[in-house]
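Here is a friendly set of exercises to work through with the model open beside you. Try each task first, then follow the solution step by step.

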Amino acid sequence: MVTDTVLAARLTPAHHDLARVAGELFTPERLAGWRDGPDGPLTPRAWRDIAAAGLLGVALPTALGGRGLGLLGSLLLGEAMAPLADAGVLLGMHVHNDVAAYWLADAAPELRDRYLPRLLDGTLVACQCDTDPSAEEPTTARREGDEVVVRGSKRYVVNGAIAGLCFVTVRLDDTPTLVLVEKDRPGVRVGTVYDKLGTRSVDSARIDFADVRVPAAHVLSRGGVAQLLRWNRVMTRMRYLIAADAYLIQRRLLDHIGRHTTRRRLGGRALSAWPVNAHALAAARADLELMAAGLVDLLDRVDGPAPAVPEVAELKWFCVERATALATLCCDLEGGAGYMWGSPSLRDLAQLRGLRMAGGSQTTMLTLANHSFACRAELAGTPRPAAAPVGTASVAGHV
């Protein structure tokens, strides 16, 4: 995606070095050695090895201990991990590298200097704790003197079991707030490690917070416009990278099914020669081009002064939705083999189930995009554009 598009001209020697190192590190054989048993999640050794290769914090400025390669560096890293065919590695790295590290980069110097170096050397893994059991059971916090007391549970937390540092969204004084909580504080407990369909190379867990006390200085942001802007900036970055992950799966699926349908014959001709299949695969190739165009178009806006929140939400929806449709088609074209766990198409379909929920569900992406564009139109005093029906959202930010 990065090396064979118009973005290639923007790669510096440092970017090329990153791609080389990452390509050598992320191999199926090494992934197998990093996991806790066959098909299990990453172990602490994996994070230390990745850090030793200089692949944690690649996007952060060098002044903060990163490699200063920006979002383009994160894209290169995702491309290097894609051949592993397990999006769990990608999600775990996104949360650690492009969510938690950025929260700390903007934190008070005392917190940043205490925890960011440990994130970058792999001795501390981070997680983002967002999903409450229900709207009626929110995770809350209250002030007691110079402390904040956190109570509640968070579900489906990527890196939740292995993480030592939790970034927890709570309601403090009935205001959305982000609080940093160390896993080893009294009252923090991993309640469940979920058994998942896909993305199995990273754990997902429920974490319980039973009146956990942290210093008030651990409140990273709360309420108001500043909180909203910071939240949108970090989550938009995550969603953009998930869109890129889906693009890479789409590309891999097209390569695989192209070979399969050329070799496989039915009724005296290749499967790819049947018009119904030829048309569907042509549409999937067009989708791949649209995904790439959206990723290129939005690259500079993700970290820009006004993050393209609705455009990236729409792009994430489009890329994941189209890749899911292609994976389903590929399973059908493989025939009976497409419903066996050894099928590459079925395994990619399982990975996409995880991407559909990560960074916000597909329904949330459409809601966010449509509402945001409507608000922009209203504020600008222009007629509201017609909302795209489900299944027809456009790519580069036009509804």
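**Exercise 1. Sort the residues that line the largest cavity by class, then say where they come from.**

Step 1. The lining of the largest cavity divides into seven nonpolar, no polar and three charged residues. Here Ala, Val, Leu, Ile, Met, Phe, Trp, Tyr, Cys and Pro count as nonpolar, Asp, Glu, Lys and Arg as charged, and the others, Gly among them, as polar.

Step 2. A word on the ground rules: this is a predicted model, in which local features need pLDDT of at least 70 and side-chain atom pairs count only at pLDDT 80 or more, while totals for chains, interfaces and linings use all residues. Residues are numbered from 1 along each chain as its sequence is written, and side-chain values use heavy atoms, with hydrogens and water left out.

Step 3. Now list the lining: Met81, Ala82, Ala85, Asp86, Ala87, Leu90, Asp245, Leu248, Ile249 and Arg252. The search runs on a 1 Å grid over the protein atoms alone; a cavity is a set of points where a 1.4 Å probe fits but cannot get out, a pocket is an open set with protein on both sides within 12 Å along at least five of seven lines, and lining residues have an atom within 4 Å of a point.

Step 4. Assign the elements. Helices (H or I, at least four residues) and strands (E, at least two) are DSSP runs, numbered from the N terminus. H5 and helix H7 (224-263) each supply at least two residues of this lining, and H7 gives the largest share, four residues.

Step 5. Finish with volume. The largest cavity has a volume of about 50 Å³, and there are four cavities of 30 Å³ or more. Grid points are joined across faces, edges and corners, and a volume is the space filled by probe spheres set on the points.

**Exercise 2. Take Asp86 from that lining and describe its surroundings.**

Step 1. Asp86 sits in the loop between helix H4 (70-81) and H5.

Step 2. Is Asp86 buried or exposed? Its relative accessibility is 8%, so it counts as buried; buried means under 20% relative accessible area, exposed over 50%, and partly exposed in between (1.4 Å probe, protein chains only).

Step 3. Look for partners. Asp86 touches Arg35, Thr199, Arg200, Ser201 and Gln351, not counting residues up to four places away in sequence; contact means heavy atoms within 4.5 Å.

Step 4. With Arg35, the side chain of Asp86 also makes a side-chain polar contact of 3.3 Å. A polar contact is a pair of N or O atoms within 3.5 Å; within protein, one must be able to donate a hydrogen and the other to accept it, and residues adjacent in sequence count only if both atoms are side-chain atoms.

**Exercise 3. Characterise the largest pocket.**

Step 1. The largest pocket holds about 1100 Å³ of space.

Step 2. Its lining has 39 residues, and Asp130, Thr131, Met357, Gly359 and Gly360 lie nearest its centre.

Step 3. The elements that give two or more residues to this lining are H5, strand E3 (147-158), strand E4 (165-172), strand E5 (175-182), H7 and helix H10 (344-357).

Step 4. By class, the lining of the largest pocket has 17 nonpolar, 14 polar and eight charged residues.

**Exercise 4. Compare two non-glycine residues with positive phi.**

Step 1. Asn159 has a positive phi of about 70 degrees although it is not a glycine, and it is found in the loop between E3 and E4.

Step 2. Asp173, in the loop between E4 and E5, has a positive phi near 55 degrees.

Step 3. Check burial: Asn159 is buried, with a relative accessible area of 1%, whereas Asp173 counts as exposed at 52%.

Step 4. Follow Asn159 to a neighbour. His96 touches Asn159, and its other contacts include Trp47, Leu56 and Leu119. His96 lies in helix H5 (residues 87-105) and is buried, with a relative accessible area of 1%.

**Exercise 5. Test the length of helix H9.**

Step 1. H9 (residues 309-333) has 25 residues and reaches 36 Å from its first C-alpha to its last.

Step 2. The expected span of a helix is 1.5 Å times one less than its number of residues. For H9 the expected value is 36 Å, and the helix comes close to it.

Step 3. Why is H9 largely enclosed by the rest of the structure? Of its 25 residues, 19 are buried, so the surrounding structure largely encloses H9.

Step 4. Just after H9, Gly335 takes a positive phi of about 70 degrees.
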